[in-house]
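Subject: Structure for your review

Dear colleague,

Please find below the structure that I am handing over to you. I would be grateful if you would read the notes beneath it alongside the coordinates.

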Amino acid sequence: MCLTFLRIKFLCIHSIIVHYCIIPDPQLSPKQNIILVAMLSLVSLVRGAGVACGRGLSSGSLPASADCVIVGGGVAGASTAYHLASLGTPCLLLESDKLTSGTTWHSAAMLNTLRSGVTEAELVMYTKRLASEVLEAKTGQSTGYKRHGGLTVTASPERIIQFQKECDMSRYTGNTGRMVTPGEARDLFPLLDTKGLLGGVYSETDGSVDPTSLTMAYIKGAIAKGARVEEGAPVEDILVEHGRVVGVRVAGGEEVKTDRVVVTAGAWAGLLTQRLGVNLPLVASEHSYIVTDIIPDLGDNVPNLRVPD
């Protein structure tokens, strides 16, 4: 197999947007709420790792060889392991620290699935079915899916045209999408300032998942189908001979022979591939989140709101 690296934007990654919001306890001070956010995040990470360990997560020495090695134990790596194992390819997933400990764990994991291109629209619709129905039914592991809708609004005439294309595509893929007026958008999200808005697009079946739970559902399904998962196994080198992948080397010098490597290490992927002369177009991006008091008039089930302008 020739030396090839794929930047995998695989399945659920199409529809997961990395933001993090929390509505805190109004009885706590802002500083206490920040501490609460950190504690809840840590609990979610440890709980998810525990779920995986309880379902056959490996902890011994590495195998001498593998049909395929996946580098990175976030949601992309877990999804890759699940789908390869489902196709009959027994793979080895190597995570440098703990599963989801990179950027997956702090994602709000919003499932906004309206797209104007057919390939991406079909992928995100497939992801929605996986997260909302299929994975939990097959693995018994909840993904934390919540259906509360997705709303995107704009003041741009060009983007209104794009929204109309997304609605047309939703009918083709079996998704739910409809155009909304500024007034209808405010009905869906009561605190929305509609001044200057031309309209928006809304899908009632969109929502969100718990990113750690989704990852663990993939991992549980992958292990059940023959995959092996190793935490605390940072890959330091991809071994190449005569232009072909022949294995990987982890910290401490242990090597695993393989002729197929999938790099799903996110922002860290380039550090692994650049020494081989392979440039991955990945850039780390800073995101912010706001800790607020409870907003009493917001409602119990408001949709994801996006303003791409």
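The notes that follow go from the chain as a whole to its helix packing and then to individual residues.

Please bear in mind throughout that this is a predicted model.

**The chain as a whole**

The chain has 309 residues, of which 45% are buried. Its secondary structure consists of seven helices and 14 strands. Among contacts with a separation of 6 or more, 77% are between residues 24 or more positions apart.

**Helix α3 against helix α4**

Two packed helices are described by the angle between their axes and the distance between the axes. For α3 (residues 118–139) and α4 (residues 157–173), the angle is about 60° and the axes lie 10 Å apart. Oblique is the class for angles that are neither under 35 degrees, nor over 145, nor from 65 to 115, and α3 is therefore oblique to α4. The crossing of α3 past α4 is right-handed. On the α3 side, the contact is formed by Val 118, Ala 121, Glu 122, Met 125 and Arg 129, while α4 contributes Met 169, Tyr 172 and Thr 173. Sorted by class, this contact of α3 with α4 comprises five nonpolar residues, one polar residue and two charged residues.

Thr 119 also belongs to helix α3. With a relative accessible area of 55%, Thr 119 is exposed, because the exposed class begins over 50%. Its C-alpha atom is 9.9 Å from that of Thr 173, although 54 residues separate the two along the chain.

**Helix α4 itself**

Does the length of α4 agree or disagree with the expected span? The 17 residues of α4 should span 24 Å at 1.5 Å a residue, and the end C-alpha atoms are 25 Å apart, which agrees. The buried residues of α4 are Ile 160, Phe 163, Glu 166, Cys 167, Met 169, Ser 170 and Thr 173. Those buried residues pack against helix α3 and against three strands, β5 (150–154), β6 (178–180) and β7 (199–203). Of the buried set in α4, Met 169 and Thr 173 also take part in the contact with α3. Directly after α4 comes Gly 174, with a positive phi near 85°.

**Helix α3 against helix α6**

Helix α3 also packs with α6, at an angle of about 40° and with the axes 10 Å apart. The two helices are therefore oblique to each other. Their crossing is left-handed, whereas that of α3 past α4 is right-handed. The residues in contact are Leu 130, Ala 131, Leu 135 and Thr 139 from α3, together with Leu 214, Ala 217, Tyr 218, Lys 220 and Gly 221 from α6. By class, the contact of α3 with α6 is made up of six nonpolar residues, two polar residues and one charged residue.

Helix α6 (residues 211–224) contains 14 residues and extends 20 Å from its first C-alpha to its last, close to the 20 Å expected at 1.5 Å a residue. This helix is mostly covered, with 13 of its 14 residues buried. Just after α6, Gly 226 has a positive phi of about 110°.

**Residues in loops**

Leu 198 sits in the loop between α5 (182–188) and β7. At a relative accessible area of 45%, Leu 198 is partly exposed. Its C-alpha atom lies 9.3 Å from that of Val 180, which is 18 residues away along the chain. Setting aside neighbours within four places in sequence, the contacts of Leu 198 are with Thr 154, Ala 155, Ser 156, Pro 157, Ile 160 and Pro 182. Of these, Ile 160 is one of the buried residues of α4.

Two further loop residues have a positive phi without being glycine. Thr 100 has a phi near 70° and lies in the loop between β2 (91–94) and β3 (110–111). His 242 has a phi of about 55° and is placed in the loop between β10 (235–241) and β11 (244–250).

Which of these residues is buried, and which is exposed? Thr 100 counts as buried, at 0% relative accessibility. His 242, by contrast, is exposed, with a relative accessible area of 82%.

Yours sincerely

Definitions and conventions
Residues are numbered from 1 along each chain as its sequence is written. This is a predicted model: local features need pLDDT of at least 70, side-chain atom pairs count only at pLDDT 80 or more; totals for chains, interfaces and linings use all residues. Side-chain values use heavy atoms; hydrogens and water are left out. Axes are lines fitted to C-alpha atoms, for helices over the stretch in contact, and angles run from 0 to 180 degrees between N-to-C directions. Helices (H or I, at least four residues) and strands (E, at least two) are DSSP runs, numbered from the N terminus. A crossing is left-handed if the near helix is turned anticlockwise from the far one by less than a right angle, and right-handed if clockwise. Contact means heavy atoms within 4.5 Å. Ala, Val, Leu, Ile, Met, Phe, Trp, Tyr, Cys and Pro count as nonpolar, Asp, Glu, Lys and Arg as charged, and the others, Gly among them, as polar. The expected span of a helix is 1.5 Å times one less than its number of residues. Buried means under 20% relative accessible area, exposed over 50%, partly exposed in between (1.4 Å probe, protein chains only).
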